[in-house]
Amino acid sequence: MKALIIPMLAVLGLGACATNRASDADRLAIYQAHAGAPVKQIRNYQAMGWDRIDGEHILLNMRPKETWLLQLSGNCLDWGNGSPFLTLSSQTGWVMAKFDRVNVKGAPMSCRIEEIRPVDVQAVRAAEAALRAQASVGT
């Protein structure tokens, strides 16, 4: 009997963890709520990383306190290959909305950057912490 209880608890625990993750739409709403006005271009530093929000939005982390929300021209990147590499088409020192493109390594096509907005990362973290606290009170 004990042999069955431990795997059942593990499965229930994993199921609870899976429901705590915010949906793509919820994550996008948080980032959009804490994003500034659109800008025409940003300095093209060596990006520290990126994160997929949904098929049309990514976060581009340029520096520890510099994150940009990029809206793409559509759900056009091939996320299925699992490539962690993202490239920007910029050949200059600037990444420009409506001109430059984003590509995931190995994807057959790229996406034009439609909009670039600065993100207040501290405000996003505070909002996420508040949502987690609210969710834990509700359980």
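# A walk through the strands

Mentor: Let's start here: S4 and S8 run antiparallel and are joined by six bridges. Strands (E, at least two residues) and helices (H or I, at least four) are DSSP runs numbered from the N terminus, and two strands pair if DSSP finds at least two bridges between them. The model is predicted, so local features need pLDDT of at least 70 and side-chain atom pairs count only at pLDDT 80 or more, while totals for chains, interfaces and linings use all residues. Residues are numbered from 1 along each chain as its sequence is written, and side-chain values use heavy atoms, with hydrogens and water left out.

Trainee: Thanks! In what order do the elements of the protein run from the N terminus on?

Mentor: The secondary structure comes to three helices and eight strands. Reading from the N terminus on, the order is α-α-β-β-β-β-β-β-β-β-α.

Trainee: Where in the protein is confidence lowest?

Mentor: Confidence here is pLDDT, the predictor's score for each residue from 0 to 100. The protein averages 80, and 78% of the residues score at least 70. Strand S8 (residues 111-119) is highest, with a mean of 96. The lowest mean, 40, belongs to helix H1 (residues 2-20).

Trainee: How many contacts beyond four places in sequence does the model have for residues 1-18?

Mentor: Contact means heavy atoms within 4.5 Å. Where pLDDT is low, the predicted coordinates should not be read in detail. That caution fits residues 1-18, where pLDDT stays under 50 and the number of contacts beyond four places in sequence is zero.

Trainee: Which strand does S3 pair with over six bridges?

Mentor: S3 (residues 57-63) has five of its seven residues buried. On one side, S2 (residues 49-54) runs antiparallel to S3 over five bridges, with a hairpin of two residues joining them and Asp54 opposite His57. A second two-residue hairpin leads onward from S3, and Asn61 has Thr67 as its bridge partner. The antiparallel partner over six bridges is S4 (residues 66-72).

Trainee: How many of the seven residues of S4 are buried?

Mentor: Buried means under 20% relative accessible area, exposed means over 50%, and partly exposed lies in between (1.4 Å probe, protein chains only). In the protein as a whole, 30% of the 139 residues are buried. S4 is largely enclosed by the rest of the structure, because the number of its residues that are buried is six.

Trainee: Which residue in S8 stands opposite Leu70?

Mentor: In a regular strand the side chains alternate between the two faces of the sheet. Along the pairing of S4 with S8, Leu69 stands opposite Arg117. The residue opposite Leu70 is Ile116.

Trainee: Is His57 buried or exposed?

Mentor: His57 sits in strand S3. Setting aside neighbours within four places in sequence, His57 is in contact with Leu28, Gln32, Arg52, Leu69, Leu70 and Gln71. At 7% relative accessibility, His57 counts as buried.

Trainee: And Lys98, is that residue buried or exposed?

Mentor: Lys98 is found in the loop between S6 and S7. Its phi is near 70°, a positive value in a residue other than glycine. With 53% relative accessibility, Lys98 counts as exposed.

Trainee: How far away from Asp100 is the nearest side chain of opposite charge?

Mentor: Asp100 lies in the loop between strand S6 (94-96) and strand S7 (101-104). For charges, Lys and Arg count as positive and Asp and Glu as negative, with His and the chain ends not counted; a salt bridge needs a side-chain nitrogen of Lys or Arg within 4 Å of a carboxyl oxygen of Asp or Glu. Asp100 is buried yet has no salt bridge, and the nearest side chain of opposite charge, Arg101, is at 8.8 Å.

Trainee: Which residue's backbone nitrogen does the side chain of Asp100 reach?

Mentor: Beyond four places in sequence, Asp100 is in contact with several residues, among them Trp94, Cys111 and Ile113. The side chain of Asp100 also reaches, at 3.5 Å, the backbone nitrogen of Ser90.

Trainee: Last one: which residue in S8 is the bridge partner of Arg101?

Mentor: S7 and S8 pair in the antiparallel sense over two bridges. They form a hairpin with six residues between them, and Gly106 in the turn has a positive phi of about 90°. The bridge partner of Arg101 is Arg112.

Definitions and conventions: A polar contact is a pair of N or O atoms within 3.5 Å; within protein, one must be able to donate a hydrogen and the other to accept it, and residues adjacent in sequence count only if both atoms are side-chain atoms.
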